[in-house]
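Here are a few exercises to work through with the coordinates open beside you. Try each task on your own before reading the solution.

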Amino acid sequence: PANGKELKVELESMALTNCAIVDDAKASGGKAIKLTADDSTAKIMIKLPKGEYSGLVNEKAPSGANDAFYVFMDEKPYRSYPSDPPTGDWELTTRTEMAIDVAEEKVYEFTITPHSPSRKGETGMLLDYLVLTKLK
């Protein structure tokens, strides 16, 4: 995307493993995914030009025990979660905005999953979309 432009990825359109697709009238496009298991993943390849980006996920967490998850860009994990306590409704993960520095234009693998190798996350939340905004 050009500076100031957003790239929005509906998570139900990603390659899903052990995720449920759920109907939700308030979700973008009326659908979202639920991380149901420790090995749940949603994956997509995205070509990004060189630059600085912010990344957010639209999340609906039922409780503080079901809100933390990870977004990996290739091998780099970004821990994501909503407000504390979660509102119980759709909200962007602005408390944990991803600061992404793309050193070279290439195709990156984005993976959403409950856990990273170094720290556990959780399951049970609904996730709607990933939005990447090019800052410069």
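The exercises below go from the overall fold to single residues, and the model behind them is a predicted one.

**Exercise 1. Overall fold**

Task: Work out how many helices and strands the protein has, and decide how its radius of gyration relates to the globule rule.

Solution:
- Step 1. Start with the secondary structure: the protein has zero helices and 12 strands. Along the sequence the pattern is therefore β-β-β-β-β-β-β-β-β-β-β-β.
- Step 2. Next, take the radius of gyration, which is 14 Å, close to the 14 Å that the globule rule gives for 136 residues, so the protein is as compact as a globular protein of that length.
- Step 3. For the outline, use the principal axes: the C-alpha atoms fill a box of roughly 35 × 30 × 30 Å.
- Step 4. Now look at burial and contacts. Of the 136 residues, 46% are buried. Among contacts between residues at least 6 apart in sequence, 73% join residues at least 24 apart.
- Step 5. Finish with the surface: about 6700 Å² is exposed, and carbon and sulfur atoms supply 49% of that area.

**Exercise 2. Pairing around β11**

Task: Find the sense in which strand β5 and strand β11 pair, and then do likewise for strand β7 and β11.

Solution:
- Step 1. Strand β5 covers residues 41-48 and strand β11 covers residues 106-113; seven bridges pair them in the antiparallel sense.
- Step 2. To fix the register, note that leucine 48 stands opposite lysine 106 in β11.
- Step 3. Strand β7, residues 69-73, also runs antiparallel to β11, with four bridges joining the two. Here methionine 73 stands opposite phenylalanine 110 in β11.

**Exercise 3. Rings and a charge**

Task: Search the whole structure for aromatic pairs and say how many there are; then find which ring lysine 8 lies over.

Solution:
- Step 1. The search gives one aromatic pair. Its partners are tyrosine 70 and phenylalanine 72, at 6.3 Å centre to centre with 45 degrees between the planes.
- Step 2. Planes under 30 degrees apart would count as stacked and over 60 as edge-to-face, so this pair is tilted.
- Step 3. Check the burial of each partner against the cut-off of under 20%. Tyrosine 70 has a relative accessible area of 4%, so it is buried. Phenylalanine 72, at 11%, is buried too.
- Step 4. As for lysine 8, it lies over the face of tyrosine 129, at 4.3 Å from the ring centre.

**Exercise 4. Two loop residues**

Task: Decide whether proline 114 and tyrosine 81 are buried, partly exposed or exposed, and list what each one touches.

Solution:
- Step 1. Proline 114 sits in the loop between β11 and β12 (126-134). Its relative accessible area is 0%, so proline 114 is buried.
- Step 2. Leaving aside neighbours within four places in sequence, proline 114 has contacts that include Leu35, Ala37, Phe69, Tyr70 and Lys120.
- Step 3. Tyrosine 81 belongs to the loop between β8 (76-80) and β9 (91-92). With a relative accessible area of 24%, tyrosine 81 is partly exposed.
- Step 4. Not counting residues up to four places away in sequence, tyrosine 81 touches Glu59, Asp67, Ala68, Thr93, Arg95 and Thr96.
- Step 5. Use glycine 30 as a reference point. Proline 114 is 84 residues from glycine 30 in sequence and 23 Å from it in space, C-alpha to C-alpha. For tyrosine 81 and glycine 30, 51 residues apart along the chain, the C-alpha separation is 21 Å.

How values were computed
Residues numbered from 1 in each chain as written. Predicted model: local features only at pLDDT ≥ 70, side-chain atom pairs only at ≥ 80, totals over all residues. Heavy atoms only, no water. Pairing = 2+ DSSP bridges. Phe/Tyr/Trp six-rings, centres within 6.5 Å; stacked < 30°, edge-to-face > 60°. Buried < 20%, exposed > 50% of the residue type's maximum accessible area, 1.4 Å probe, protein only. Lys NZ or Arg CZ within 6 Å of the ring centre and 35° of its normal. Rg over C-alpha atoms; globule rule 2.2 N^0.38 Å. Contact = heavy atoms within 4.5 Å. Areas by Shrake-Rupley, 256 points an atom, 1.4 Å probe, with all protein chains shown as cover.
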